Amino acid sequence: MKNKDEYIVLGVMSGTSLDGIDLSINKFFNLKNKWNFEILRCKTIKYSNDWIARLNKAVLLDDHEIRKLDNDYTEYLAKVIVNFIRECNILIDFVSSHGHTIFHKPEKSFTLQIGNQKKISKLISQTVICDFRKQDLELGGQGAPLVPVGDYYLFSDFNATLNLGGFANITKFSKKIVFAYDICPVNTVLNMLSRQLNYEFDNNGELGSSGRIILDLENQLDKINFYKLKPPKSLGIEWVLENINPVISNFKSHPIRDLIHTFVIHISKKIVDQFPLKGKILITGGGAYNKFLIKNLQKLSSCDLIIPNNNLIDFKESIIFAFLGLLRIRNEINCFRTVTGAKKNHCTGKIYKKN
């Protein structure tokens, strides 16, 4: 499998915004030493209310409860993957899965993605590549972001790529050097606030656009120390609980729509501060559908913001994790030290063979 010029790979991604499990079967093919891709089939499996509750509470669990959650989630994820493969009836080379992040504390050299247990390969009868982050931490890196390697190989026709998922993260290309890092929370906070109004998320940004700015809240958010740090840097849900939620709770007497409005204004400014001075920026992730957020980004930036088709908006990260697995199976570099801060570029991910 190492020396092929064409691969069919199932990429699996679950993000911190808990939108669901993204699955995409992708054909990767090498033409004139450049990797190209085609999405053959894709689907998002929404989480049940029970799974949303379990994953939301995971940061509060003890070691024994985490192990049980990991086991249950691995079995659940396996069922989702098996059903999707049967539904598509496409012969794949292997599965490349991110798992679901429960803890991410790079400052303590610790990260945990559940759903990466060895037994998953037997449960789905496929070779599985997973658990991409731990090795980078062992090499002194942040363990994140990992997507920029895929951006470099598949999307470097743009000057930068921006993903608006649970967190905003940006990849910038400069003279064949890749710089990438997390900027701020997005849907982890916006979805949390929307649920207080009994909405799963802020559809098209309608809730935020109907609110008003709370200047004191914006000022307090701006003072958060993370924004002063230089890359490499990355964020996890624990950071939101410790740094964002306490600030927002100081303004709980204000209308929720005003809180959402203010947070969108806040993150718009933080994101645009990281844009290149000019050029094309590809925007993907669930936040690309938030018209109020996109409107503010466009208003503040002189860059050309490109919103692609829905499949690329929704499945870019699962496509890229499929590609990271391809590089791993070929034993090629799939993690850049300029991005994570690791001691060296390296090839990461565990390979669990089906036999």
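This briefing walks through the pocket, the cavities, one buried helix and the aromatic contacts of the structure above. Keep in mind that the model is predicted. The largest pocket comes in at about 950 Å³, and the structure also holds two cavities of 30 Å³ or more. On the aromatic side, there are 15 pairs to look at.

**The largest pocket**

- A total of 49 residues line the largest pocket, and those nearest its centre are Ser-17, Asp-19, Gly-165, Gly-166 and Gly-286.
- Six elements give two or more residues each to this lining: strands β1 (6-14), β4 (94-105), β7 (160-164) and β8 (167-174), plus helices α6 (187-195) and α12 (310-329).
- Helix α12 hands over the largest share of the pocket lining, with seven residues.
- By class, the pocket lining breaks down into 24 polar, 15 nonpolar and ten charged residues.

**The cavities**

- The largest cavity has a volume of about 50 Å³.
- Its lining includes Pro-145, Val-147, Pro-148, Asp-151, Asn-163, Asn-169 and Lys-316.
- At least two residues of that lining come from each of α5, β7 and β8.
- Six nonpolar, four polar and two charged residues make up the lining of the largest cavity.
- The second largest cavity has a volume of about 30 Å³, and the residues around it are Ser-17, Leu-18, Asp-19, Asn-191, Arg-195, Glu-200 and Phe-201.
- Three charged residues join two polar and two nonpolar ones in the lining of the second largest cavity.
- Ser-17 and Asp-19 turn up in two places: they line the second largest cavity, and they are among the residues nearest the centre of the largest pocket.

**Helix α11 and Asn-296**

- Helix α11 spans residues 291-300, and its buried residues are Phe-292, Leu-293, Ile-294, Asn-296 and Leu-297.
- The cover over those buried residues includes strands β7, β10 (280-284) and β11 (304-306), along with helices α7 (206-209) and α10 (256-272).
- Asn-296 sits in α11 and counts as buried because its relative accessibility is 5%, against a cut-off of under 20%.
- Setting aside neighbours within four places in sequence, Asn-296 is in contact with Val-264, Ile-265 and Ser-268.

**Aromatic pairs and the cluster**

- Tyr-152 and Phe-336 pair up edge-to-face, at 5.6 Å centre to centre and with 85° between the planes.
- Tyr-152 belongs to helix α5 (residues 147-154) and Phe-336 to the loop between α12 and α13 (337-340), so this pair ties together parts that are 184 residues apart in sequence.
- Tyr-152 is partly exposed, at 27% relative accessible area, whereas Phe-336 is buried, at 13%.
- Phe-226 and Tyr-227 also make an edge-to-face pair, with ring centres 6.2 Å apart and planes at 75°.
- Both rings in that pair belong to buried residues: Phe-226 has a relative accessible area of 6% and Tyr-227 has 15%.
- One aromatic cluster brings together Tyr-7, Phe-28, Trp-35, Phe-94, Tyr-152, Tyr-153, Phe-323 and Phe-336.

**Charges over rings**

- Lys-4 places its charged end over the ring of Tyr-7, 5.2 Å from the ring centre, and Tyr-7 is itself a member of the aromatic cluster.
- Lys-316 does likewise with Phe-155, its charged end sitting over the ring at 5.5 Å from the centre.
- Lys-316 is also one of the residues lining the largest cavity.

Technical notes: Residues numbered from 1 in each chain as written. Predicted model: local features only at pLDDT ≥ 70, side-chain atom pairs only at ≥ 80, totals over all residues. Heavy atoms only, no water. 1 Å grid on protein atoms, 1.4 Å probe; cavity = no way out; pocket = protein on both sides within 12 Å on 5 of 7 lines; lining within 4 Å. Points joined across faces, edges and corners; volume = space filled by probe spheres on them. Helix = DSSP H or I, 4+ residues; strand = E, 2+ residues; numbered from the N terminus. Nonpolar A, V, L, I, M, F, W, Y, C, P; charged D, E, K, R; others polar. Buried < 20%, exposed > 50% of the residue type's maximum accessible area, 1.4 Å probe, protein only. Contact = heavy atoms within 4.5 Å. Phe/Tyr/Trp six-rings, centres within 6.5 Å; stacked < 30°, edge-to-face > 60°. Lys NZ or Arg CZ within 6 Å of the ring centre and 35° of its normal.
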